[in-house]
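Please open the model in your viewer and follow the stops below in order, making each selection before reading on.

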Protein chains: 2
Amino acid sequence: MDAQLRRGVLDVCVLAAIKNENSYGYKIIKDLKPVIELSESTLYTILKRLEDSKMLVVKSVEFEGRLRKYYHITPAGLQRLEEFKNEWKEMMSIYAFIVEADLK
Amino acid sequence: MDAQLRRGVLDVCVLAAIKNENSYGYKIIKDLKPVIELSESTLYTILKRLEDSKMLVVKSVEFEGRLRKYYHITPAGLQRLEEFKNEWKEMMSIYAFIVEADLK
DNA sequence: TTATATACCTCGTGATATGATGTATTCCGT
DNA sequence: ACGGAATACATCATATCACGAGGTATATAA
């Protein structure tokens, strides 16, 4: 998959992955694997960015001796998901242009 | 529109814009305006990149005293458009995941 | 004569994804 | 008991990219 195309959805995929339940880095990667694969370095960069922009909050929890950082989506994060759906409509019309040009 | 999402389609839009007829910078911008807006600096950067990667070829033509650089798509460029259509299928399944997560 | 449209180009900046690398613990097979 | 895989976090350097700001030049319309 084209790198540029990926970038457009990575953030939103991570938000979607934590929408229904608090999750943590390692689990997010495993959950997303069937949908989109991403490395740890990529994920943690994204999580940091989403935290900085207040789309999610973090809570460190001790779990079986290991530290886990649970990520929880915020209202701003939910709003970002809504925005994405609108942006997708725009994307669809752009796609239509590309395909139309392709048929002529 | 989200900057990252744009990046995924900019190159392909430019290719689509020159697919059916040779075009030149200024015209490409005007043709794409209803679909996606892009500045000259953005376009020329893209055209340069597409030329470097052999997706299009350039031919300078004198037109009414002014120089025009006509861009023509190559087989590699056409192949890129085909690839994009396949990538879009992937994108649709990613989108489905995001929306599905949003419904739960 | 002034402004707008046409037509090209370059440079610096900020944002980004990713591989490589590092630390530490637990669990499982042999 | 030992070694490796899995779990879980993190940072850094690098390469790629879009874009605003700025620059050059001609033709046409106000």
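## A salt bridge between chains

Begin by selecting Asp2(A) and Arg80(B), whose side chains meet in a salt bridge with an N to O distance of 3.8 Å. Bear in mind throughout that this is a predicted model. The pair crosses between chains, since Asp2(A) lies in the segment before α1 (3-17) of chain A, while Arg80(B) belongs to helix α4 (residues 75-103) of chain B. Colour the two by accessibility: Asp2(A) is partly exposed, at 22% relative accessibility, whereas Arg80(B) is buried, with a relative accessible area of 11%.

Keep Arg80(B) selected and add Glu87(B), for the side chains of these two residues also form a salt bridge, at 3.5 Å from N to O. Glu87(B) counts as buried, at 8% relative accessibility. Which residues belong to the network of salt bridges here? Adding Glu83(B) completes the selection, as Asp2(A), Arg80(B), Glu83(B) and Glu87(B) are linked in one network.

## A second salt bridge, in chain B

Move next to Glu21(B) and Lys27(B), where a salt bridge joins the side chains at 2.9 Å, again from N to O. Glu21(B) is partly exposed, with a relative accessible area of 42%, and Lys27(B) is likewise partly exposed, with a value of 24%. Over all chains, the structure holds 16 salt bridges.

## Tyr95(B) and its contacts

Return to helix α4 of chain B and select Tyr95(B), which is found in that helix. Is Tyr95(B) buried or exposed? With a relative accessible area of 19%, Tyr95(B) counts as buried, because the cut-off for that class is under 20%. If residues up to four places away in sequence are set aside, Tyr95(B) touches Phe84(A), Lys85(A) and Trp88(A), so these residues of chain A are worth displaying as sticks alongside Tyr95(B). For a distance along the chain, pick the C-alpha atoms of Tyr95(B) and Lys85(B), which are 10 residues apart in sequence and separated by 15 Å.

## Helices α1 and α3 in chain B

Now display helix α1 (residues 3-17) of chain B together with helix α3 (residues 40-52) of chain B, whose axes come within 10 Å and cross at roughly 80°. That angle makes α1(B) roughly perpendicular to α3(B). To see the contact itself, show the side chains of Leu10(B), Asp11(B), Val14(B) and Leu15(B) from α1(B), and then those of Thr42(B), Leu43(B), Ile46(B), Leu47(B), Arg49(B) and Leu50(B) from α3(B). Coloured by class, the residues of this contact divide into seven nonpolar, one polar and two charged.

## Helices α1 and α3 in chain A

Switch to chain A, where α1(A) and helix α3 (residues 40-52) pack at an angle of about 80°, with their axes 10 Å apart. Here α1(A) is roughly perpendicular to α3(A). The α1(A) side of the contact consists of Leu10(A), Asp11(A), Val14(A) and Leu15(A), and the α3(A) side of Thr42(A), Leu43(A), Ile46(A), Leu47(A), Arg49(A) and Leu50(A). By class, the contact has seven nonpolar, one polar and two charged residues.

## Last stop: the cysteines

Finish by selecting Cys13(A), which is buried at 0% relative accessibility, and then Cys13(B), which is also buried, at 0%. How many disulfides does the structure hold over all chains? The count comes to zero.

Technical notes. Residues numbered from 1 in each chain as written. Chains lettered and ligands numbered in written order. Predicted model: local features only at pLDDT ≥ 70, side-chain atom pairs only at ≥ 80, totals over all residues. Heavy atoms only, no water. Axes fitted to C-alpha atoms, helices over the stretch in contact; angles between N-to-C directions. Helix = DSSP H or I, 4+ residues; strand = E, 2+ residues; numbered from the N terminus. Parallel < 35°, antiparallel > 145°, perpendicular 65-115°, else oblique. Contact = heavy atoms within 4.5 Å. Nonpolar A, V, L, I, M, F, W, Y, C, P; charged D, E, K, R; others polar. Salt bridge = Lys/Arg side-chain N within 4 Å of Asp/Glu carboxyl O. Buried < 20%, exposed > 50% of the residue type's maximum accessible area, 1.4 Å probe, protein only. Disulfide = S-S within 2.5 Å.
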